[in-house]
Amino acid sequence: MDRVITFPHLGNYYIVFNYFLSNVTKKKVICPPPTTKRTIALGSKYSPDFVCVPFKYNLGNYIEALEKGANVLIQGGGGCRYGYYAELEEEILRNLGYEFEFYNLIKDNHLSLKKGYNFCKKMNKKTNIFKCLYYLINALFMIIFMDKIERYIRKNMGFEIKKGSFEELEKEYLSSFKCSNGLLKIIHNYFKYKKKFKSIKINKPDTCLKVTIIGELYSLIDANTSYNTERKLIKMGIEVTRLTDLTYLLITKRFLIRKMIKKNKKYIKYNLGADASVNIALARKSAISGCDGIIHLKSFGCTPEISAMSILPKISEDYNIPIMYLSFDAEDNEVGIDTRIEAFYDMIVRRKDN
Amino acid sequence: MRKKIKIGVPRAFLYYRYYVFWKNFFEMLGCQIVLSPETNQEIIQNGKNLSIDESCLPAKIYLGHINYLREKCDYILVPRICNYGKEKRVCMKFMGTIDVVSNLFSDIEILDYNVDYLKGDYEFFSLFKVAFKLNKNIFRIIWSYYRSRKKEKRYNQSLINRQVNILKSTRTKILIVSHPYIIYDAYLGGNIINYLKKMNIEILYSDRMERSEAICYAKDFSKTLYWLYSKESIGSAVYYKDAVDGIIFVSSFPCGPDSLVNELAFRKFKNIPIINIIVDESTALAGLETRLESFIDMIEARKDNG
């Protein structure tokens with residue numbers, strides 16, 4: 001039987017995973033269908049009661065991909081509870097009666113490159129370490145470029161003159177990545193589209209509203225989880241800043257974390273786990289730099305973020321900056337979240353006018 | 001006579017794991033231990049007011065105990081546990097304890113020690129740093145560390161021996177798999193234990209087992225499990241499961257590691273009655289007793305039928 005590989009969704013990065021896996025393994029790779037209400041309904045039906053939301057989304061993605069014909073599943077997320085997802089997901093799916101191979105690339109709560117290489121070797125005997133490294137570097141470049149463009153979009157999209165021009169170009173840009181092969185082509189592609197994005201006319205006042213988004217990684221990266229909170233804010237005409245993306249997780253985090261804890265001695269002494277200490281540092285930084293508000297997103301029951309949430313109110317008090325906490329579970333309704341975002345927006349506008 | 005330094009120990013979280021050690025260690029250094037009382041309604045209420053509502057119940061109770069201890073002692077002992085080496089991590093909650101406590105209570109003096117083997121903070125050296133604040137005699141510190149570790153070992157061994165004796169009895173035996181800070185807590189686990197005792201049932205606890213042995217058994221259950229405390233409790237569940245008549249899993253709402261590990265256990269343990277009890281602040285006694293009663297009835301009927 002032919003092997004068909006699949007993986008759970010993570011925001012727009014499915015393009016990168018798809019690129020890497022299909023080039024290295026030379027097998028058919030299918031992306032799970034876009035996350036919808038059905039995905040989360042399926043996921044939460046078979047999940048334990050109070051597991052955090054990413055588990056439910058991942059499980060839903062797997063089930064939908066299995067229905068489409070996938071038979072090799074990969075799990076490669078680590079950190080906190082995430083590192084232990086794989087084993088339970090495999091058990092649940094087996095109990096449901098699906099037939100598949102499951103590859104867990106996690107060892108001791110971190111992504112293990114050795115396990116990843118073994119997986120590639122098993123899928124495709126002809127591959128070698130240089131090929132894997134070449135495509136890995138390409139994938140890393142893709143991630144960095146995607147994040148760079150996204151940062152630009154977040155800053156400027158709210159002030160576009162012709163509505164929708166940014167989103168249109170973004171779609172085109174993402175699909176161009178799907179068919180670009182080779183490092184040079186990826187770099188060329190990036191600069192081409194960077195120019196295009198810069199040439200979109202915007203009308204950005206100097207005193208625009210600025211909001212920083214912090215919180216748990218999955219809710220931030222995967223817009224479906226947070227009901228597109230970020231995009232909604234941007235469309236209201238706000239300049240949104242966010243550090244947490246895959247570039248941060250894979251590359252910059254290890255250099256930042258110690259420095260950030262040292263700078264924020266007043267609030268934190270040790271690493272709180274996951275992104276909690278970085279979030280506290282970011283909240284303080286944006287408060288000093290004159291941000292108008294902070295929004296904290298997390299999935300329900302996220303342990304490290306709860307630790308951070310006990311400290312954030314102190315920063316809010318010391319620097320006089322509003323922080324809104326949003327917590328997402330499988331059964332939230334979007335209207336309630338919209339109302340809260342609108343109220344927050346009204347509040348920061350009024351604060352700015354005074 | 002010089003006044004003794006008072007060290008407050010909250011009766012929550014790691015108290016149930018390390019109390020014998022802490023008590024002997026700090027008393028040998030010439031300090032006095034002040035212990036908070038058993039968890040009661042007032043402590044829970046205070047803890048709830050102090051903490052984020054999504055935080056897990058033992059964490060709320062912990063803050064309640066610390067709130068009780070403030071102004072009653074000079075220092076409060078708040079350990080931060082990150083990991084004990086590779087594949088021996090603990091729940092992220094324990095990584096943030098010090099920072100959460102020091103931000104919530106500005107008026108208390110914290111005696112913190114940090115255990116993070118992967119970054120080179122070994123338990124002995126961190127404790128040494130703490131103890132040096134209290135007593136400048138280096139040899140005394142080393143001696144008391146050695147002595148109290150020995151005493152702790154002897155105490156644990158006595159508990160294990162008691163459990164081995166229970167295994168020989170012919171009455172109905174039930175194993176309770178849970179974190180020590182949930183099941184030994186008077187408010188969270190007290191009702192369950194009292195009821196089982198009233199029903200004349202022998203209770204075995206998952207934490208009363210040689211820890212290194214339990215970790216070996218946990219490998220049979222799951223190869224990728226990396227939480228030390230979960231490993232220990234699940235390992236002893238694997239070890240005892242053939243010797244007991246039923247297993248009760250007790251966890252609190254919303255416990256991170258338990259949400260995954262217990263679910264896996266329900267799917268993997270076959271041919272043994274299992275009940276899952278989730279405690280929260282509003283657990284009704286009557287509902288709990290009904291569930292336990294029917295569970296016991298079921299076990300006994302099963303036993304009669306061979």
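Which residue forms a salt bridge with Asp112(B)? The partner is Lys269(A), and the closest N and O atoms of the pair are 2.6 Å apart. The structure is a predicted model, and this briefing describes how chain B and chain A meet, followed by one pair of helices within chain B. Between them, the two chains bury about 3,700 Å².

**The contact between the chains**

- Chain B contributes 41 residues to the contact, and chain A contributes 43 residues.
- Of the buried area of about 3,700 Å², 61% lies on carbon and sulfur atoms.
- Glu54(B), Met92(B) and Leu260(B) together provide 18% of the area that chain B buries against chain A, which is more than any other three residues supply.

**Charged and polar pairs**

- Side chains of opposite charge can pair when their charged atoms come close.
- Between chain B and chain A there are 4 salt bridges, while a search of the whole structure finds 32 over all chains.
- In addition to the pair of Lys269(A) and Asp112(B), Lys268(B) forms a salt bridge with Glu87(A), with the closest N and O atoms 3.6 Å apart.
- Lys268(B) belongs to helix α11 of chain B and Glu87(A) to helix α4 (residues 85-95) of chain A, so this salt bridge joins two chains.
- Across the interface of chain B and chain A, 17 residue pairs are in polar contact, counting pairs in which both residues are at pLDDT 80 or more.

**The side of chain B that touches chain A**

- The elements of chain B that give two or more residues to this side are α4 (97-104), β4 (110-116), β7 (246-252) and α11 (256-268).
- Helix α11(B) supplies the largest share, with 8 residues.
- Sorted by class, this side of chain B has 18 nonpolar, 11 polar and 12 charged residues.

**Two helices within chain B**

- Helix α2 (residues 41-50) and helix α3 (residues 57-69) of chain B have axes that come within 7 Å and cross at roughly 105°.
- An angle of 65 to 115 degrees counts as roughly perpendicular, and α2(B) and α3(B) are therefore roughly perpendicular to each other.
- On the α2(B) side, the residues that meet α3(B) are Ile43(B), Ile44(B), Asn46(B), Gly47(B), Lys48(B) and Leu50(B).
- On the α3(B) side, the residues that meet α2(B) are Lys60(B), Ile61(B), Leu63(B), Gly64(B), His65(B) and Asn67(B).
- By class, the contact of these two helices has 5 nonpolar, 5 polar and 2 charged residues.

Notes
Residues numbered from 1 in each chain as written. Chains lettered and ligands numbered in written order. Predicted model: local features only at pLDDT ≥ 70, side-chain atom pairs only at ≥ 80, totals over all residues. Heavy atoms only, no water. Contact = heavy atoms within 4.5 Å. Buried area = accessible area lost by both parts, 1.4 Å probe. Salt bridge = Lys/Arg side-chain N within 4 Å of Asp/Glu carboxyl O. Polar contact = N/O pair within 3.5 Å; in protein donor to acceptor, adjacent residues only side chain to side chain. Helix = DSSP H or I, 4+ residues; strand = E, 2+ residues; numbered from the N terminus. Nonpolar A, V, L, I, M, F, W, Y, C, P; charged D, E, K, R; others polar. Axes fitted to C-alpha atoms, helices over the stretch in contact; angles between N-to-C directions. Parallel < 35°, antiparallel > 145°, perpendicular 65-115°, else oblique.
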